[in-house]
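Reader: Got a minute to walk me through this one? I'd like to start with its surface.

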Amino acid sequence: MLLEVRNLETWYGPIVAMQGVNLKVDEGQIVAVLGANGAGKTTLLNTLAGVIDPFKGQVLFRGEETQRLDPDAICRRGMVLVPEGRQVYPFLSVAENLGMGAYARRDRDNVARDLERVYGWFPRLRERERQHAGLLSGGEQQMLAIGRAFMSAPKLLMLDEPSLGLAPRLTREIFAIVSRIRDETGTAMLVVEQNAAVALEHGDIGYIMELGRVVAHDSCAALSEKADVREAYLGGGSLVGESGTAQRWKRRRTWR
Ligand SMILES: Nc1ncnc2c1ncn2[C@@H]1O[C@H](COP(=O)(O)OP(=O)(O)O)[C@@H](O)[C@H]1O
Ligand SMILES: [Mg+2]
């Protein structure tokens, strides 16, 4: 088992945001985490990445506890987060952003090989190698954020809503590349995604969160067959609590 989360619980001041969370990721798996806004998905990834300290519970990564380590130490062990809202360095070039991902690595030959891989997966990044990252489109910035995370040699890549604000076509393109990265490198993926259809199509195992808890988990194939999951996540829109129309309008509004 690559990652095993046991009874994890996180609070913000007096508010409990996540509790009783158990979750596993095996080597080379793509695990999808689905749930409405406010369900605790970002809290889960941020807790795993060491950005927030859990109140209780255990995170075992490659058999070692990591829940008390700082984000840098967790990243160096191979658990790497692409945060919500793709935070690239806007005034650094694409190439410099990718270099930042590899700053802690000493294996120069492998760094060069990984850079070639990233440019192979995302040819548009190579074309814009010298441009400031801030000038890229939203989709390109997401590609850069994923590429930069890959440059830190992750064993588990955690992606927080990679498709946020992107057109459906770009969402599918990014998921296809995420699958390809897993197939070609064996990197496991823990992906939080609002587009449940795309996530269930590419994922192996899926977890569903509600109000800070995991309420269901199964193979993605089984989840996409379940009536309640279909109704809640695969109907007209992909976000719970919003009509299809509101959802479509919101998507359009945030397209770039
Ligand atoms: N910094 C914060 N301070 C207080 N409450 C927060 C903070 N971040 C998130 N929350 C609350 O924690 C819950 C889970 O939020 P979050 O993990 O961001 O959900 P999701 O990513 O699934 O939308 C929500 O009720 C949210 O309002
Ligand atoms: Mg979130």
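Author: Sure. The chain exposes about 12,000 Å², and carbon and sulfur atoms supply 50% of that. Keep in mind that this is a predicted model.

Reader: And the charges? How far apart are the mean positions of the positive and negative ones?

Author: They are 3 Å apart. The chain has 33 positive and 32 negative charges.

Reader: OK, inside now. What share of the residues is buried?

Author: 49% of the 256 residues count as buried.

Reader: What's the secondary structure?

Author: There are 11 helices and 10 strands. The radius of gyration is 18 Å, close to the 18 Å from the globule rule for 256 residues, so the chain is as compact as a globular protein of that length. The C-alpha trace spans about 45 × 45 × 35 Å along its principal axes.

Reader: Pick a strand. Is S3 mostly covered or open?

Author: Mostly covered. S3 takes in residues 30-35, and 6 of its 6 residues are buried.

Reader: Which residues sit on which side?

Author: Ile30, Ala32 and Leu34 are on one side. Val31, Val33 and Gly35 are on the other. Side chains in a regular strand alternate between the two faces of the sheet. Both faces of S3 are covered.

Reader: Which strands does S3 pair with?

Author: S8, residues 188-192, runs parallel to S3 and is joined to it by 4 bridges. Val31 stands opposite Leu190 there. S9, residues 205-210, also pairs with S3 in the parallel sense, over 5 bridges. In that pairing, Leu34 faces Ile208.

Conventions. Residues are numbered from 1 along each chain as its sequence is written. Chains are lettered from A and ligands numbered from 1 in the order in which they are written. This is a predicted model: local features need pLDDT of at least 70, side-chain atom pairs count only at pLDDT 80 or more; totals for chains, interfaces and linings use all residues. Side-chain values use heavy atoms; hydrogens and water are left out. Helices (H or I, at least four residues) and strands (E, at least two) are DSSP runs, numbered from the N terminus. The radius of gyration is taken over C-alpha atoms; the globule rule is 2.2 Å times the number of residues to the power 0.38. Buried means under 20% relative accessible area, exposed over 50%, partly exposed in between (1.4 Å probe, protein chains only). Accessible areas come from the Shrake-Rupley method with a 1.4 Å probe; for residues, only the protein chains shown count as cover. Lys and Arg count as positive and Asp and Glu as negative; His and the chain ends are not counted. The place of a charge is taken as NZ of Lys, CZ of Arg, CG of Asp or CD of Glu. Two strands pair if DSSP finds at least two bridges between them.
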